[in-house]
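User: Hey, got a minute to walk me through this model? I'd like to start with the ligand site.
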Amino acid sequence: MTKSKSFLKNLIKPFVSKSSKDQNEVDLEKIAAQEQKEFSFETLVAATNNFHPTVKLGEGGFGPVYKGKLDDGREIAVKKLSQSSAQGKKEFQSESKLLARVQHRNVVHLLGYCVHGAEKLLVYQYVANESLDKLLFKSDRRDVLDWKRRYDIILGIAKGLLYLHEEAHCRIIHRDIKASNILLDEKWVPKIADFGMARLYSENQTHPFKLDFKINDGWQWIHGAEYVMHGHLSEKADVFSFGVVVLELISGQKNSKFNRDPDSRNLLEWAYKLYKKQRSLEIMDPTITSSADGDQVAMCIQIGLLCVQSDPKSRPDMGRVVVILSKKPSILEEPMRPGYPGSRYRMSNPPTASSSASGTSGTSHSFGSTTTTTQTATLTATTSGLTSPRLDPHGKRPMKD
Ligand SMILES: Nc1ncnc2c1ncn2[C@@H]1O[C@H](COP(=O)(O)OP(=O)(O)OP(=O)(O)O)[C@@H](O)[C@H]1O
């Protein structure tokens, strides 16, 4: 291109019409489709010593994860998806390619994928330190997480979520933000794992009212409730889950195992009660007392409580959270009562449309406490209401976007 032509091009760049911008995006999609993101099964077998049990990192709802090393020295984590996904090969390949373009400092990078017969595998960058839940709740090393590190982790997760919600090439609602899905690298930089699983797993991509939730774990319950209430799942479900992680990081208490205060059903309620009495700092983990900046901790508690408010509309979006965390505004609004998290509870009666709706407004439900296995109930909602939930024998299956 001649100098004058490129000068002209730069000059008109800001005024380029939307349709030509869209064309650029379409072009990018085409480039992505041609990108080589496919790993051969042999490469992954060699990298993981044939998926040897000694390199197994763990097993989540989607299948086992193995540590591996590629010939070029890169360390990887290979997730073998359990075979309950009915997604076709082509669809899996194109969704994986799209997700592999999701790149952010605070999101685990999906390097590629592999299809081998009926098996589907995902190849991620290996993140060296443990997941946040192991460090915070299951180890005697949680003092390595001083306040500064915890604050940076809160800010990092917020930035990662903002990217997924608003900045990535495709809008991604995570749906399962929790401490075990936050991995920490060698510099304690948080990286959000398991994003986009709904895109890879959905059985029926076209059914807008299909929703799954785990009976006895995680936040799918509140997500399900919001879904029923509003007919769609919004980013605000992730905001809620982010708020829970913030309060867990500050208190060192796992919300789903909360037992600090017999008068509070969960961590959120406890934090809210103390906040209302202007004693919010009492939730602080004793191991960070010496390193903590009281004002900053109080601000983070308030942000956490704003994020877990029962009304999704009242929760801030992640853009606002990042701004507040980065710039320290002087005045924050008063949080209202937190939503009903449900992770500590077992449903004895599956929700009906009306009980689900009340789930987000903080009223109580009838819950038993006997189920110990992780099972997933699938609610199939129609425009006129909900049909009965059916148990999903395959375990976790995420909701689709
Ligand atoms: N990219 C990665 N780098 C290092 N470890 C990883 C990576 N991805 C997953 N792991 C580890 O593998 C194990 C299983 O992870 P996975 O995400 O499948 O399940 P989970 O988070 O334990 O449970 P759930 O499926 O309910 O979210 C966890 O210990 C996790 O920390």
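User: By class, what does the shell around the ligand have?

Analyst: The shell has 8 nonpolar, 8 polar and 7 charged residues. Here Ala, Val, Leu, Ile, Met, Phe, Trp, Tyr, Cys and Pro count as nonpolar, Asp, Glu, Lys and Arg as charged, and the others, Gly among them, as polar. Keep in mind that this is a predicted model: local features need pLDDT of at least 70, side-chain atom pairs count only at pLDDT 80 or more, and totals for chains, interfaces and linings use all residues. Residues are numbered from 1 along each chain as its sequence is written, and side-chain values use heavy atoms, leaving out hydrogens and water.

User: OK. Which residues are the closest to the ligand?

Analyst: G61, Q125, V127, K134 and K178, out of 23 that surround it; to be near, a residue needs a heavy atom within 4 Å.

User: What lies 2.9 Å from an oxygen atom of the ligand?

Analyst: A polar side-chain atom of K178. On the nitrogen side, a backbone N or O atom of Q125 lies 2.9 Å from a ligand nitrogen, and a polar backbone atom of V127 is 2.9 Å from a nitrogen atom of the ligand. A polar contact here is a pair of N or O atoms within 3.5 Å.

User: How much of the ligand does the protein bury?

Analyst: 88% of the 600 Å² that the ligand exposes taken alone. Those areas come from the Shrake-Rupley method with a 1.4 Å probe.

User: Which strand gives the largest share of the shell?

Analyst: β1, with 4 residues. β1 (56–60), β2 (63–69), β3 (75–81) and β5 (119–125) each supply at least two. Strands are DSSP runs of E, at least two residues, and helices are runs of H or I, at least four, numbered from the N terminus.

User: Switching topic: which helix gives the most to the largest nonpolar core?

Analyst: That core has 79 residues, and L122, L132, I154, L164, F242, I250 and L325 touch the most other members. Helix α6 (residues 147–167) gives the most, with 11 residues. A nonpolar core is a set of buried Ala, Val, Leu, Ile, Met, Phe, Trp, Tyr and Cys residues joined through side-chain atoms within 4.5 Å. Buried means under 20% relative accessible area, exposed over 50%, partly exposed in between (1.4 Å probe, protein chains only).

User: And N50, buried or exposed?

Analyst: Exposed, because its relative accessibility is 54%. N50 is in the loop between α3 (41–47) and β1, and its phi is near 55°, a positive value in a residue other than glycine.

Technical notes. A polar contact is a pair of N or O atoms within 3.5 Å; within protein, one must be able to donate a hydrogen and the other to accept it, and residues adjacent in sequence count only if both atoms are side-chain atoms.
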